[in-house]
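Here is a friendly walk through one protein chain, meant to be read with the structure open beside you. Take your time and look up each residue as it comes along.

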Amino acid sequence: VTSSGEFLASAQISPNTTVTGNTMTVRAPTLNVTLAGTPSSGVFVKNQANIPATGFTLTAGSQSAVRVPSLMVTGQGDTGSGYAAGTLDDVVNSCGLYDGETMLGSRQSPSSVGTMTFSGLSYTIARGGSKTLEVRCTSDSTISNSAGDRFWLGIASTSDISAQDEDGNTVSLSSVPANSTPSVFQTVRANGTVTIAANSQPASTILVADGSTWQVLARYSANALYEDVTVDYVGVTSTGPAANFAQDGVAVAQSTDPLCRTYTVRGTTSMPNGVSQAGEIDISANPITIAKGSTTYVCLLAKLAATVPSSMAEDTTAAPRSGHVVALGIPAGSFSIGGQASTIFTSSLYSGNLAVRSTGAASGERIYQTAAADIEGNSHVVRKAKLVITNQNSGLSTTLASGQRSLYRAQIGTEGG
């Protein structure tokens, strides 16, 4: 007792039994590592940077935040004879470890036994939290397997991840995603592919020749797989007298619209004298780019030279006459331009292939599309002018009554002339 300085006997203290607190459970900090849901298996090309190869999800227990100073990734490559650790460096040049778009540490190249160690990370997962790391790789410049080389990555052992709790104590892992079966692997091809096909060709019609208006004669869809593709030359074939096409009156254009109602002209050419001539359009200064996994639209356009009376030339093919039939298309195989073999679309390269010169943006390889025949648009008739009939029914009564009534009204005019 403070006031008297006396000591109380235990019998005078209430309660005078043992007071026990709640039971506390002490658990060691944990780190759980699993294979992430992304990336999945995919197909890429040689020389491609930042291929999403595999991902790991790291989850810290609620006991402590976990710091990861280093992590070792193990993998194997296959160039046609099956997976082997020593073959990984034949498929992959280097890899980086990423948290989102931030690279952790420095890029590493595979060792002769298929390992890469990312150290000096100081990477922390908050207690009870999760983070996902992704390994992104640059593929080799040489492909051995015609079907594509392959590789996979994983974490082979729990000892391959260095982990510490908030006090610097080692955190033990119960398991890691070895991925050695593998469930996620990446294929590396020599190059991508491009597919150009006719796309809702304009219906045959009368075209008014005024010498200045671009008119869409053919439409194509263009799709690229596995890498971006650049087109820098396009071959073109024509039906009808070349005289019907104005100077620099044949063009290739790119559009986001399947019907080419709006477009950007990439390049033009003039057709050689004669009938059913071919040409090539150089668009290397303003190329068509087809993004990987997407579709763009290619349009062949013509400016039709103003027609002349039949009295002005005896040879009907030497002058732009009304009534001539014209068409444009993309040829298959090699061809001549004004009697001279094309130096771009040569027989050694384009025999059996579509005359479109394409290059893979990552692989740097020429990409060819097989084609058994030209892909031509429909034929059109050239006229100096044509009738244009416009419906003018707006405002007419829809109720019949006695007396004289207008049932149909139209405006008749001309285009050209």
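## Backbone turns worth a look

N47 is found in the loop between β2 and β3, the latter covering residues 51-60. Its phi is near 65 degrees, a positive value in a residue other than glycine. With a relative accessibility of 33%, N47 counts as partly exposed. Please keep in mind throughout that this is a predicted model.

Y226 is another residue to find, and you will see it in the loop between β15 and β16 (229-239). Y226 is not a glycine, yet its phi is positive, at about 75 degrees. Its relative accessibility is 24%, and Y226 therefore counts as partly exposed, given that this class lies between the 20% limit for buried and the 50% limit for exposed. As background, most residues other than glycine have a negative phi, and most peptide bonds are trans.

## Two cis peptide bonds

Which kind of peptide bond runs from T38 to P39, cis or trans? The bond is cis, with omega near 0 degrees. P39 is found in the loop between β1 and β2, where β2 covers residues 42-45.

A cis peptide bond also joins T181 and P182, and here omega is about -10 degrees. To find P182, go to the loop between β11 (161-164) and β12 (186-189).

## A five-stranded open sheet

Now to a sheet. Five strands make up an open sheet in the order β1-β3-β9-β5-β6, with antiparallel pairing. At the edges stand β1 (31-35) and β6, each with a single partner strand, so one side of each is left without a neighbour in the sheet. From one strand to the next, the twist averages 25 degrees.

Strand β5 (residues 92-99) is a good place to follow the pairing. Over four bridges, β5 pairs in the antiparallel sense with strand β6, residues 102-108. Opposite C95 you will find Q108 in β6. The hairpin of β5 and β6 has two residues between the strands, and in this hairpin G100 takes a positive phi near 65 degrees. β5 also pairs in the antiparallel sense with strand β9 (residues 130-139), over six bridges. There, L97 has V135 in β9 as its bridge partner.

## The disulfide between β5 and β9

How many disulfides does the count give? It comes to two. With bonded cysteines counted along the chain, the disulfides follow the pattern 1-2, 3-4. A disulfide is a covalent bond between the sulfur atoms of two cysteines.

C95, which you met opposite Q108, forms a disulfide with C137, and their sulfur atoms are 2.1 Å apart. The torsion about their S-S bond is about 100 degrees, so this disulfide is right-handed. Because C95 lies in strand β5 and C137 in strand β9, the pair ties together parts that are 42 residues apart in sequence. Are these cysteines buried or exposed? Both C95 and C137 are buried.

## The disulfide that reaches β21

C260 and C299 form a disulfide too, with their sulfur atoms 2.2 Å apart. The link of C260 and C299 is left-handed, with -90 degrees about the S-S bond. This pair links distant parts of the chain, 39 residues apart: C260 sits in the loop between β17 (245-255) and β18 (264-269), and C299 sits in strand β21, residues 295-304. Both C260 and C299 are buried.

## Strand β15 and its partners

Strand β21 leads us on to strand β15, since the two pair in the antiparallel sense over nine bridges. V216 stands opposite L301 in β21. Strand β15 spans residues 214-225 and is mostly covered, with nine of its twelve residues buried.

β15 also pairs with strand β13 (residues 193-198), in the antiparallel sense and over six bridges. In this pairing, I196 stands opposite A222 in β15.

## A nonpolar patch on the surface

To finish, turn to the surface. L387, I389, Y408 and I412 form a nonpolar patch there, and together they have about 500 Å² of accessible area. Within this patch, I389 lies in strand β29, residues 385-391. Why does I389 count as exposed? Its relative accessibility is 57%, and exposed means over 50%, so I389 is in that class.

Definitions and conventions:
Residues are numbered from 1 along each chain as its sequence is written. This is a predicted model: local features need pLDDT of at least 70, side-chain atom pairs count only at pLDDT 80 or more; totals for chains, interfaces and linings use all residues. Side-chain values use heavy atoms; hydrogens and water are left out. Two strands pair if DSSP finds at least two bridges between them. Axes are lines fitted to C-alpha atoms, for helices over the stretch in contact, and angles run from 0 to 180 degrees between N-to-C directions. Patches are made of residues with over 30% relative accessible area and no salt bridge: like charges are joined within 9 Å, nonpolar side chains (Val, Leu, Ile, Met, Phe, Trp, Tyr) within 5 Å. Accessible areas come from the Shrake-Rupley method with a 1.4 Å probe; for residues, only the protein chains shown count as cover. A salt bridge is a side-chain nitrogen of Lys or Arg within 4 Å of a carboxyl oxygen of Asp or Glu. Buried means under 20% relative accessible area, exposed over 50%, partly exposed in between (1.4 Å probe, protein chains only). A disulfide is a pair of cysteine sulfur atoms within 2.5 Å.
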